[in-house]
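I opened a fresh page today to go through this one at an easy pace. Here are my notes, in the order in which I looked things up.

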Amino acid sequence: MSPSIIDAQSILAVEIGTVTTRAILFDVVDGQYRFIAQGSAPSTVNAPFREAGEGIHLAVNRLEEITGRTFLNLKGELILPVQSDSSGVDRLVLTYTAGPVLRVVVAGLLADVSLESARNLAATLPVQVVETLGLNDTRSLDLQMQALIAAEPDLVLLAGGSESGASRSVFKLAELISLAYRVLPPDRRPHVLYAGNQALAKKIKEGLDRTVHTLTAPNVRPSVDIEDLAPAESALSEAAANIRYAQIGGLQNWASISSALPLPGSLAFGRMIRFLSHIGDAVKGVLGVQLGSGSTTLAMGKGGNLALEVFPYSSGRGASLVLEHSALEDITQWLPMHMPDVVARDYLMQKTLHPQVIPTTNETLALELALTRQALRLSMQQMLARHPLYNLAYEPILAGGAVLTQAPQPAHALLALLDGLQPVGVTTLFLDQNELLTSLGAAAQINSLLPVQVIESGALLNLGTVICPVSDARYGTPILRARLEYERGGENVVEVRQGSLVTLPLQNGQVANLHLQPLRRVQIDPRGKPGPAKFQIVGGACGAVIDARGRPLVLPKDSARRREMIKKWSLAFGI
Amino acid sequence: MQAPVTHILALTNLRRARLLPAAGKVLVKQGQKVSPNDVIAETVLHPRHMVFDVRQALGITRPAQLSQAIERRVGDKVEVDDVLARSGGLFKRVLRAPVAGQVSIISGGRIVMEVDSPLFQLRAGLAGIITEIIPERGAILEASGALVQGTWGNGRTDSGVLLSLAATPEDVLTRERLDVSMRGAVVVAGHCAQADAIRAANELPLRGLILGSATADLLPVLQTALFPILLTEGFGRIPMNLAAHRILTTNEKRDTAVNATVWNAFTGERPEVLIPLPAAGSVPAESVTLKEGLNVRILGMQQAARVGMIVSLPAELVHLPNGVRARVAQVKLENDEQLAVPLCNLDVLE
């Protein structure tokens, strides 16, 4: 039975991050679920504390100060459920992004079938794939065993065999895994998640459980041409939680009073995007972007189907990998000022040592946002290569992460997203300014009404509607006439030229009908019909924007001209 | 607000756990004095194995024949050419061990034998006294002396006599400044931007190099150097912080251990330099509450590595010159200059 507002319950969502732990309160106000407040404190997962509980206590204490309510009793325990004196909360949910990157071995039969699906399942978490084992592995048994041991994984993901498909080869892989880890003492053995042919699941679990703790999940590759990762997420969350319980002190205690299994941040975020895509327009879909200190998570949802992947690129610890996979000029090309390469590289590498440091000058702010653009670009390119059925046309696009939410102006975030993601068609960009999406994804496990009502309450900041027409016209050619017909009367006409970034005269919250008249061959929205278009838009924090800079967006080679252009684009937003 | 600290101390009592990642053999005793290169404990981290398929090797088809054919038990030590299994019948076949080893597993018709596995040796990393033995894992060792923690290390450990090439915290290390008299020494310099200088240090070789900073394009050379390299500040043209510079330059000619381990924020392991001194200091705190009076170092590009003292901690957020809003601390530098620095950009020195 779906929850109703009659059995409304307050929910405390705790997010345990590497740098910050946050306690977020959702409760009912005027018959609707609302985001009430959040308290945050430095995380205590890392040394010297190595205990999550202290950070959680401090964050909840801060929430108590902000709300004037009491959530902890004198012993420091969370009061569950709400008491007659209004102290406490009804439910608790937990998410975490803290802890070392998980080391994962992926094992499957064919490289581009089950092995690929096992890898894709692993990629829904921030992991490092440390070894791959497949049917076509030409190494001797001795060497395979050696490699499995040397990889020192936390988790082995074993897939293989479509439903009613191969069995012998899957058993052979399971035997090898069992053999390899039997020689290690129990405290050094990894967890195993089997997500292959279900006909073998019981036998595989029985066989492997004698050596390694094994969980089973529905087949991630039920047939050769179908991949279905979603049903395996719960078991993956459970496996990840079991590993984290052993690594992060205090986590298991808090999990024991939680209403649902603690979720890794990326899976909670993915759940939220899937959830929104399910209730939203199936044709348009939803794109979620989460920029963390060590990784970037992309979640593409359409009609309840989700493609989710965590990339090791970021503006913090992941800066070194952005540099490793890009030329430095892919980053510095976005700077509106000259910065010597050596200075830029040094700053970015220094950021990997101190990811918490915030930029204090215009130059370093621009460099961090430039790095963010390239982290997004790399992630999106790899995402689309792995999921060719998905594209760049989404509405809405929801984005979060400190590098965006802590930028001085919303337009900084909007421009970084446009340049990094390079969406096409008509979309609306929202900024998760309070970093709620992950917690809402966790809360959705126990209350499906809450996320919808919280999002509808305006908890996300509408950055603005963006129209990204695609045309092969030459730079400077008029391609589109945009006529804004304001709801309260009056109109404004703007001519859009190829290569330009135009902010439409629309204030935050102002409603208007937008009429778009192509002046050349222009694709306004790949999902719509060719020719003129008309739709209603609501102004966001950055008004509304027509991004006619072309796709892919190519910047001028000449550095002076390029910098002038970047300054011009920023000036369009008054930044 | 609790904040972790970086230790830059002229005299302290240091307590470090040196533990194997897996159970093994502890080679030291309580009360024993150790040098940085002494092995504390050892274990086989990644055992090597050979797998023998008895069924295939002997052509056995019936499972019942397998147990009769296998002549070894788990735990048996075998030498080269020792028989592992043999089939019966008219045409007997024999499976012999091609190398020496120990039988680890017999299962499903397979014999798994552990062979010449490499030993992982855990070294002390600093000179001190073993104060506690952790059975099968390692030991706690204590030492007193000057301690300088760094931000980056190339993963190596060694020790030698400390020599300073850093008359000032920004003094640059070049190939020309290194000579044969420095062979086997631990050298201190302010900054390095020259790959050639690192190569020259490798050729001498040095036993350690302590730099304030290096340019990031030197990373491949720094990482592959055969001696420990430690950066106190990190990447960029950043002078060594004054507190570290003072300690390192006033302890010249003393034996110095450089443990240039990779900084692991989760475990707390970080690169550090220890200069043993004959006096006892106090054990430093690993975390402190941010408050007025604390000594801090500035991180980030502007004013990087400058050391000062927190004089106030305003509660409200302020706008930085670039528009970013942050909580700041007012920090008084050694030259009496006062700056507003975001809390995120401060590193507590204790």
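**Entry 1: an odd phi at a glutamate.** A reminder to myself before anything else: this is a predicted model. I began with A:E152, which has 17 C-beta neighbours inside 10 Å and so counts as partly exposed. I had stopped there for its backbone, since phi of A:E152 is near 45°, a positive value in a residue that is not glycine. In general, most residues other than glycine have a negative phi. I then placed A:E152 in chain A, in the loop between α3 (141-150) and β7 (155-158).

**Entry 2: a serine of the same kind.** Is A:S86 buried or exposed? I found 9 other C-beta atoms within 10 Å of A:S86, so this serine is exposed. Phi of A:S86 is positive as well, near 75°. I located A:S86 in the loop between α1 and β4 of chain A.

**Entry 3: cis peptide bonds.** I went on to the peptide bonds, remembering that most are trans. A cis bond joins A:L80 and A:P81, with omega about -10°. A:P81 sits in the loop between α1 and β4 (91-96) of chain A, and I had just placed A:S86 in the loop between α1 and β4 too. Another cis bond joins A:A47 and A:P48, where omega is about 5°. For A:P48 the place is the loop between β3 (32-42) and α1 (52-67) of chain A.

**Entry 4: chain A as a whole.** I counted 17 helices and 24 strands in chain A. Does the radius of gyration agree or disagree with that of a compact globule? A compact globule of 575 residues would come out near 25 Å, and chain A has 25 Å, so the value agrees. Along the principal axes, the C-alpha atoms of chain A fill a box of roughly 75 × 65 × 50 Å. I noted that 52% of the 575 residues of chain A count as buried. For contacts in chain A between residues at least 6 apart in sequence, 69% join residues at least 24 apart.

**Entry 5: domains of chain A.** The assignment gives me domain 1 (5-98), domain 2 (102-247) and domain 3 (266-572) for chain A. I looked at how domain 2 and domain 3 of chain A meet: their C-alpha centres lie 36 Å apart, and seven residues of domain 2 are in contact with nine residues of domain 3. The side of domain 2 that touches domain 3 has four nonpolar, two polar and one charged residues.

**Entry 6: the core.** In soluble globular proteins, nonpolar side chains tend to be buried together. I looked for such a grouping here, and the largest nonpolar core has 273 residues. Among those with the most contacts inside this core are A:F26, A:L158 and B:I111. The largest share of the core, eleven residues, comes from helix α12 (residues 362-386) of chain A. I followed A:L158 further: leaving out residues up to four places away in sequence, A:L158 touches A:A107, A:L173, A:A174, A:I177, A:V192, A:Y194 and A:G196.

**Entry 7: chain B as a whole.** Chain B has five helices and 29 strands. A compact globule of 350 residues would have a radius of gyration near 20 Å, but I read 27 Å for chain B. The C-alpha trace of chain B spans about 95 × 50 × 45 Å along its principal axes. Buried residues make up 44% of chain B.

**Entry 8: domains and a helix of chain B.** I noted domain 1 (2-15 + 143-276), domain 2 (48-115) and domain 3 (290-349) in chain B. The C-alpha centres of domain 1 and domain 2 of chain B lie 53 Å apart. Then I picked helix α3 (residues 195-203) of chain B, whose buried residues are B:A197, B:I198, B:A200 and B:A201. Seen down the axis of α3(B), these fall within an arc of 160°, so they line one face of the helix. The buried residues of α3(B) pack against β17 (172-173), β18 (185-192), β19 (208-214) and α4 (219-224) of chain B.

**Entry 9: where the chains meet.** How many residues of chain B are in contact with chain A? I found 43, set against 39 residues of chain A. On the chain B side, β6(B) gives the largest share, four residues. By class, that side has 22 nonpolar, 17 polar and four charged residues.

Terms used:
Residues numbered from 1 in each chain as written. Chains lettered and ligands numbered in written order. Predicted model: local features only at pLDDT ≥ 70, side-chain atom pairs only at ≥ 80, totals over all residues. Contact = placed C-beta atoms within 7 Å. Helix = DSSP H or I, 4+ residues; strand = E, 2+ residues; numbered from the N terminus. Nonpolar A, V, L, I, M, F, W, Y, C, P; charged D, E, K, R; others polar. Domains from an automatic or database assignment. Buried ≥ 20, exposed ≤ 12 C-beta atoms within 10 Å, placed from the backbone. Arc of directions from axis to C-beta. Rg over C-alpha atoms; globule rule 2.2 N^0.38 Å. Core = buried A, V, L, I, M, F, W, Y, C linked by C-beta atoms within 7 Å.
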